[in-house]
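User: I should like to examine how the terms applied to a structural model follow from their definitions. Please set each value against its criterion.

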Amino acid sequence: MSQIAQYHRPRSLEDALKLLQQNSGKAVLLAGGTSLAVRLPGRAEIMVDTADLGLDGIEERDGVVTIGAGVRVADLLSSPILDRLYGGMLPQAARVLASTPLRNRITVGGNAVQVLPWSDLPGVLLAMDASFDIRRAGAPLRTLTADEFYARHPRTHLSPAEMVTQLRIPIPRYTHLGAFHKVARTTVDYAGLSMATTLQMEQDRVITCRIVV
């Protein structure tokens with residue numbers, strides 16, 4: 001049974017990564033906290049709060065939209081950058097992810113990595129051809145495409161000393177569209193079925209099409 005004996009709130013990403021490395025397997029990251037409320041890892045003794053690490057930005061630069069792992073799902077709804085990307089598919093999915101109080105807590109990184117029953121974002125990120133930046137103390141940046149990241153459960157890609165710091169979504173060069181549809185008993189329930197689709201076209205020619213069910 002887990003028993004948290006220490007709580008840390010580091011002020012830099014470097015300090016957070018050092019805590020993970022020094023306490024490998026015993027440290028757990030606290031972001032939104034919704035998954036920890038359901039299940040705390042059995043060996044967890046140290047909680048590392050990510051609130052002050054500066055991972056809460058959404059930016060457009062050099063043909064790529066970056067989303068910090070600490071961005072709240074609710075923040076996706078008010079981003080003009082994301083509204084222009086694939087017809088606003090990511091905000092569309094965020095709008096039906098859980099309830100308003102939970103959207104104010106759940107982080108993009110947590111939802112993408114944990115892949116729990118209420119994780120609606122992984123399918124959308126796959127459809128948008130996203131990639132994930134992974135950091136570890138003293139090691140170079142490691143990046144996995146969504147295809148690689150979700151080839152098996154994302155947690156199996158990450159060592160206890162690593163964390164996902166941001167997501168990258170390439171801005172399409174061509175005319176692009178996207179749509180997300182979720183089938184559930186209520187608008188805030190888990191998905192019984194969800195589908196994310198993206199399409200890039202040049203005049204009447206399909207350049208790429210991705211469908212994730």
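Analyst: The following exchange takes up strands, salt bridges and accessibility in turn. This is a predicted model, in which local features need pLDDT of at least 70 and side-chain atom pairs count only at pLDDT 80 or more, while totals for chains, interfaces and linings use all residues. Residues are numbered from 1 along each chain as its sequence is written, and side-chain values use heavy atoms, with hydrogens and water left out.

User: What makes β4 and β5 a pair of strands?

Analyst: Strands here are DSSP runs of E with at least two residues, and helices are runs of H or I with at least four, numbered from the N terminus. Two strands pair if DSSP finds at least two bridges between them. Strand β4 (residues 58-61) and strand β5 (residues 64-68) are joined by four bridges, so the criterion is met. The two run antiparallel. Arg61 stands opposite Val64, and Glu59 stands opposite Thr66. In this hairpin two residues lie between the strands, and Asp62 takes a positive phi near 55°.

User: How do you know that β5 also pairs with β8?

Analyst: Five bridges link β5 to strand β8 (residues 162-170) in the antiparallel sense, so the pairing criterion is again satisfied. The bridge partner of Thr66 in β8 is Arg168.

User: Why is β5 called largely enclosed?

Analyst: Buried means under 20% relative accessible area, exposed means over 50%, and partly exposed lies in between (1.4 Å probe, protein chains only). Four of the five residues of β5 are buried, and the strand is therefore largely enclosed by the rest of the structure.

User: Why is the contact of Arg61 with Glu59 called a salt bridge?

Analyst: The term requires a side-chain nitrogen of Lys or Arg within 4 Å of a carboxyl oxygen of Asp or Glu. The closest N and O atoms of Arg61 and Glu59 are 3.0 Å apart, so the pair qualifies. Arg61 has 54% relative accessibility and therefore counts as exposed; Glu59, at 39%, counts as partly exposed.

User: Which other salt bridge involves β4, and what parts of the chain does the pair link?

Analyst: The side chains of Arg84 and Glu60 meet at 2.9 Å, N to O. This pair links distant parts of the chain, 24 residues apart: Arg84 is in the loop between α3 (80-83) and α4 (89-95), and Glu60 is in strand β4. Arg84 is exposed because its relative accessible area is 54%, whereas Glu60 is partly exposed because its value is 44%.

User: How do you know that Asp129 and Arg210 form a salt bridge?

Analyst: Their N to O distance is given as 4.0 Å, and the pair is identified as a salt bridge. Asp129 lies in the loop between α7 (121-127) and β6 (131-136), and Arg210 lies in strand β11 (residues 205-212), 81 residues apart. Asp129 has a relative accessible area of 34% and is therefore partly exposed; the same label applies to Arg210, whose value is 23%.

User: How many salt bridges does a search of the whole structure find?

Analyst: The search finds eleven. Arg9, Arg11 and Asp52 are linked in a network of such bridges.

User: What makes β9 and β11 edge strands?

Analyst: The open sheet of three strands has the order β9-β10-β11, with antiparallel pairing. Strands β9 (175-183) and β11 each have a single partner strand, so one side of each is left without a neighbour in the sheet. Between β9 and strand β10 (residues 193-202) there are nine bridges, and Val183 stands opposite Leu193 in β10.

User: Why is Leu193 called partly exposed, and which surface patch includes this residue?

Analyst: Leu193 has 46% relative accessibility and therefore counts as partly exposed. Together with Val183, Met195, Ile211 and Val213, Leu193 forms a nonpolar patch on the surface, with about 480 Å² of accessible area together.

User: Why is Thr50 called buried?

Analyst: Thr50 has a relative accessible area of 13%, which is under 20%, so the residue is buried. Thr50 is placed in the loop between β3 (46-49) and β4. Leaving aside neighbours within four places in sequence, Thr50 is in contact (heavy atoms within 4.5 Å) with Leu29, Leu30, Ala31 and Met163.

Conventions: Patch = residues over 30% accessible without salt bridge, like charges linked within 9 Å, V, L, I, M, F, W, Y side chains within 5 Å. Areas by Shrake-Rupley, 256 points an atom, 1.4 Å probe, with all protein chains shown as cover.
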